[in-house]
Amino acid sequence: MFKTFYFGIALGLLGAFVLTYSVPVVDLHREPSLISVRPNGGNAETYRIDLPRDRILVGLAGVDNALPAGLDWPEEALFGDLQTEMFKVRDRNDVVIGVASRLASASEAIGAFIEWTVHLPARGTVYLQMDVAPSAEGHRNGRLVAGTREFETLSGTVIEQYITDFKDEDLNVDGRIELITAFVGQLSDEE
Amino acid sequence: MKYLVSMLIGVLLGVFLFVAGMYYNPFSERQAVSPLAMLDDERLDVTYTAVPGETILYTDNGESIISTHPDRVAELWEPAIVDTRIAVNLLTDSRGEAVGLGIKFSSDSEQTRLISSQVLVNSAWHIYVPGQGTLFVDQIENYWSYLREVVVPARWSSGDNWKGSFFRVMTQGPNALGTARVTGGNGNFAGMSGEAVESLTAQAYSAIDGPVSMDGSLTITVPQATSESE
């Protein structure tokens, strides 16, 4: 009987080890990446933000319509005209795949800027800088400054455009921001 | 029958021994000294509250013990972001004066391995320092020590709380020395890169409400200009 008992202990130890080693504790949900290959190289991907349903935060000193209700935003003396927004981010199929922050300021001290951080939990994060002045076509051009994990070795450009003629009352949507990225991998020395 | 019972008791004891060995693993990560402490580089030291109710905004999937703040903030319930948390923090200096704004995105990492004391979180900070510029901080954090020394003892406690003194460097990567990667954005930080370390100091935790008295701090080596050859 003691032999069976000791065998049970060994079995328990081994079973717990195998279970702990082989079963992932965290298994993130993944949506298929909707990427298209550009004719001149690189991958294009579109991230969508439906307004207002995807807004998480609108922080700007001195305004009454801060979001969410009850937000205690710091006074203007501290952050000046800094506008902070946070959103949920959707893919081309309108499925939420991540979250993003957008900081914009016309500060004279450090110069005007607009920048995004797009965080896709299963893939990584991208840090984007936009031109302050819109292009002649009405959108803003920008570039990838830094990326993590899947985006770490990439470089490329991004377009930010606001689409006003997209409305859907059922979904509480009266406008849409699109971030269209065109990223390309760096060639390694071996190549 | 008695063989089956003894086998079953043996298996349960084996599982218990394994869990106990994993929990009390003396070789688990216990880094308490910042890898940046020895550097002479100019540094930006900021602290923030790690109590969600005291932040500007905190949100998660709405199912954790921690309440979102403010109450009506959108929750991150969609499947792809259900393991993600966002905190918007006022960053203060050593005198407690506000010096910046920090947005922290944190997502549980699939690289988490309990067997090697790795409870990993991928996090990214988007930081604005008035008069200086913007920064992006990318890091991997390990919450094993925090879980083992704060959260689990609070759950075991008959009062459902923990009080004590906890300090740990949470940053574990992605840089080789266990530091976070910093990229300068605009202003004085434009085109620069550096390193950072985040640490957590806790005095009280409730198993019912989450952190009660807890502060985080970020030490950022003021980014250095990235050379053209890179």
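**Exercise 1. Find how many residues each chain brings to the contact between chain A and chain B in this predicted model, then describe the side of chain B.**

Step 1. Begin with the totals: chain A provides 60 residues and chain B provides 60 residues.

Step 2. Now look for the elements of chain B that supply at least two residues each to the side touching chain A: helix H1 (2–23) and the strands E2 (57–59), E3 (84–92), E4 (98–108), E5 (120–129), E6 (133–142) and E9 (180–187).

Step 3. Pick out the element that gives the most, which is H1(B), with 15 residues.

Step 4. Sort this side of chain B by class: 34 residues are nonpolar, 18 are polar and 8 are charged.

**Exercise 2. Locate the cis peptide bond before A:Pro52 and the one before B:Pro70.**

Step 1. In chain A, go to the bond from A:Leu51 to A:Pro52, which is cis with omega near 5°. A:Pro52 sits in strand E2 (residues 43–52) of that chain.

Step 2. In chain B, the cis bond links B:His69 with B:Pro70, and its omega is about -5°. Here the proline, B:Pro70, belongs to the loop between E2 and E3.

**Exercise 3. Decide whether A:Asp94 is buried or exposed, and do likewise for B:Ser117.**

Step 1. A:Asp94 is a non-glycine residue with a positive phi, near 65°, in the loop between strand E4 (83–90) and strand E5 (96–105) of chain A. A:Asp94 has 12 C-beta neighbours inside 10 Å, and 12 or fewer means exposed, so A:Asp94 is exposed.

Step 2. B:Ser117, also not a glycine, has a positive phi near 60° and lies in the loop between E4 and E5 of chain B. Because 18 other C-beta atoms lie within 10 Å, B:Ser117 counts as partly exposed.

Conventions
Residues are numbered from 1 along each chain as its sequence is written. Chains are lettered from A and ligands numbered from 1 in the order in which they are written. This is a predicted model: local features need pLDDT of at least 70, side-chain atom pairs count only at pLDDT 80 or more; totals for chains, interfaces and linings use all residues. Two residues are in contact if their C-beta atoms, placed from the backbone, lie within 7 Å. Helices (H or I, at least four residues) and strands (E, at least two) are DSSP runs, numbered from the N terminus. Ala, Val, Leu, Ile, Met, Phe, Trp, Tyr, Cys and Pro count as nonpolar, Asp, Glu, Lys and Arg as charged, and the others, Gly among them, as polar. A residue is buried if 20 or more other C-beta atoms lie within 10 Å of its own, exposed if 12 or fewer, and partly exposed in between; C-beta atoms are placed from the backbone.
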